[in-house]
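Biologist: I'd like to learn how to read a model like this one, feature by feature. Could you walk me through it?

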Amino acid sequence: MENNNHIFDDLKIIFSQERLNGYLSHSKCNNSKNEALIAYSWNIELSQALYSALQILEIALRNSLHNAITQGFQTEHWFEMSFLHDREKKRVDQAKDSLRKEKKQIESGRIVAELSFGFWTSLFDVRYEHGQVLWPKLLKPTFPFLPKGQRTRHYLSRELNRIRLLRNRIFHHEPIWHWKDLPSQHNSIINLTKSLSLSASKFLKIFDQFKEVYFNGKSQIEIKLKNEFIELQRQSEQFNMRNIQIAE
């Protein structure tokens with residue numbers, strides 16, 4: 001892509017200096033503003049491409065886990081029970097406070113929806129395997145289609161926490177474009193969703209475009225930016241020409 005440093009400079013409204021330096025200093029950009037802009041734009045599309053998969057996994061996980069724990073303890077208000085550790089109890093209290101501020105009723109379903117992905121992944125900590133509080137007895141009810149060889153709390157905790165880190169990066173608009181294991185993480189999201197629900201997995205396929213964006217998106221981004229810059233340059237030249245004519 002031809003040099004368009006002026007366009008990059010005009011986009012400082014969306015770049016903090018720290019964020020800007022993070023792209024420019026990366027070896028794949030090598031302090032090139034053009035390459036940094038391509039990487040930044042590709043990062044937006046990668047994040048967008050992963051959003052639907054992350055969303056469906058998160059909702060399927062919390063609902064499946066809630067249903068499994070409800071059946072296991074014979075109450076949908078299991079989050080009031082003493083087996084939860086202090087950190088998780090605090091998150092439940094925070095969820096209730098949020099509902100109160102919004103003047104919503106403190107109901108089981110509302111609390112479940114309010115609890116963060118971090119809360120649900122924390123339930124896979126080894127703390128909840130001690131005394132077999134949740135695991136391994138709830139592995140099959142929660143992940144009915146997970147292969148037997150992967151049906152361990154340790155495996156699920158590792159995969160879910162890896163996905164949680166990716167999710168947080170995306171939701172906080174941080175760079176992920178340079179992560180070498182993105183295809184592996186995407187596969188993990190797909191596989192875990194399928195392990196929770198075959199129907200949810202099929203539904204996700206309607207929206208999932210990650211592979212196309214990952215393997216072909218960067219070149220497409222370069223074409224889009226080049227065409228946009230050409231149009232911007234044309235408009236700028238027309239604007240300048242009109243100003244010259246008015247001045248004459």
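Modeller: Sure. Let's start with one residue: glutamate 58, which lies in helix H3. Keep in mind that this is a predicted model.

Biologist: Is glutamate 58 buried or exposed?

Modeller: The cut-off for buried is under 20% relative accessible area. Glutamate 58 comes out at 12%, so it counts as buried.

Biologist: And what is glutamate 58 in contact with, leaving aside its neighbours within four places in sequence?

Modeller: With those neighbours set aside, Ser116, Phe117 and Arg167 are in contact with glutamate 58. Helix H3 also holds histidine 66, and that residue counts as buried because its relative accessibility is 11%. Leaving aside neighbours within four places in sequence again, histidine 66 is in contact with Glu76, Trp78, Ser108, Val112 and Trp120.

Biologist: Let me step back to the whole protein. How many helices and strands are there?

Modeller: The count is 11 helices and 0 strands, so to speak an α run from the N terminus on. Of the 248 residues, 40% count as buried. For contacts between residues at least 6 apart in sequence, 69% join residues at least 24 apart.

Biologist: Trp78 came up just now. How do I read aromatic pairs?

Modeller: Look at the distance between ring centres and the angle between planes; an angle over 60 degrees counts as edge-to-face. The structure holds 16 aromatic pairs. In one of them, tryptophan 78 and phenylalanine 79 are 5.5 Å apart centre to centre, with 70 degrees between the planes, which is edge-to-face.

Biologist: Are tryptophan 78 and phenylalanine 79 buried or exposed?

Modeller: Tryptophan 78 is buried, at a relative accessible area of 0%, and phenylalanine 79 counts as buried at 3%. Now take tyrosine 214 and phenylalanine 215, an edge-to-face pair with 5.0 Å between centres and 90 degrees between planes. Here tyrosine 214 counts as buried at 19% relative accessibility, whereas phenylalanine 215 counts as exposed at 57%.

Biologist: Which residues do ring pairs link into a cluster?

Modeller: The cluster is made of Phe73, Trp78, Phe79, Phe83, Phe119, Trp120 and Tyr128. One of its rings has a charge over it: the charged end of lysine 137 sits over phenylalanine 73, 5.5 Å from the ring centre.

Biologist: Where does the charged end of arginine 167 sit?

Modeller: Over the ring of phenylalanine 171, at 4.3 Å from its centre. Arg167 is also one of the buried residues of H8, and it is in contact with glutamate 58.

Biologist: Then let's do H8. How do I check a helix against its expected span?

Modeller: Compare the distance between its end C-alpha atoms with the span expected at 1.5 Å a residue. H8 covers residues 153–171, 19 residues that should span 27 Å, and its end C-alpha atoms are 26 Å apart, which agrees.

Biologist: Which residues in H8 are buried?

Modeller: They are Arg153, Tyr155, Leu156, Ser157, Glu159, Leu160, Ile163, Leu166, Arg167 and Ile170. Their cover includes helix H3 (33–73), helix H6 (117–122), helix H7 (139–142) and helix H9 (182–196). By contrast, leucine 165 lies in H8 but is partly exposed, with a relative accessible area of 49%. The C-alpha atoms of leucine 165 and glycine 118 are separated by 9.5 Å, though the two residues are 47 apart along the chain.

Biologist: What happens just after H8?

Modeller: Histidine 173 takes a positive phi there, about 60 degrees.

Biologist: And H9?

Modeller: H9 has 15 residues and reaches 21 Å from its first C-alpha to its last, close to the 21 Å expected. Its buried residues are Leu182, Gln185, His186, Ser188, Ile189, Leu192, Thr193, Ser195 and Leu196.

Biologist: How do I describe the way two helices pack?

Modeller: Two packed helices are described by the angle between their axes and the distance between those axes. For H9 and helix H10 (residues 198–207), the axes come within 5 Å and cross at roughly 140 degrees. That makes H9 oblique to H10, because the cut-off for roughly antiparallel is over 145 degrees.

Biologist: Which residues of H9 and H10 meet?

Modeller: From H9, Ile190, Thr193 and Lys194 meet Leu198, Ala200, Ser201 and Leu204 of H10. Thr193 is also one of the buried residues of H9.

How values were computed: Residues numbered from 1 in each chain as written. Predicted model: local features only at pLDDT ≥ 70, side-chain atom pairs only at ≥ 80, totals over all residues. Heavy atoms only, no water. Phe/Tyr/Trp six-rings, centres within 6.5 Å; stacked < 30°, edge-to-face > 60°. Buried < 20%, exposed > 50% of the residue type's maximum accessible area, 1.4 Å probe, protein only. Lys NZ or Arg CZ within 6 Å of the ring centre and 35° of its normal. Helix = DSSP H or I, 4+ residues; strand = E, 2+ residues; numbered from the N terminus. Expected span 1.5 Å × (residues − 1). Contact = heavy atoms within 4.5 Å. Axes fitted to C-alpha atoms, helices over the stretch in contact; angles between N-to-C directions. Parallel < 35°, antiparallel > 145°, perpendicular 65-115°, else oblique.
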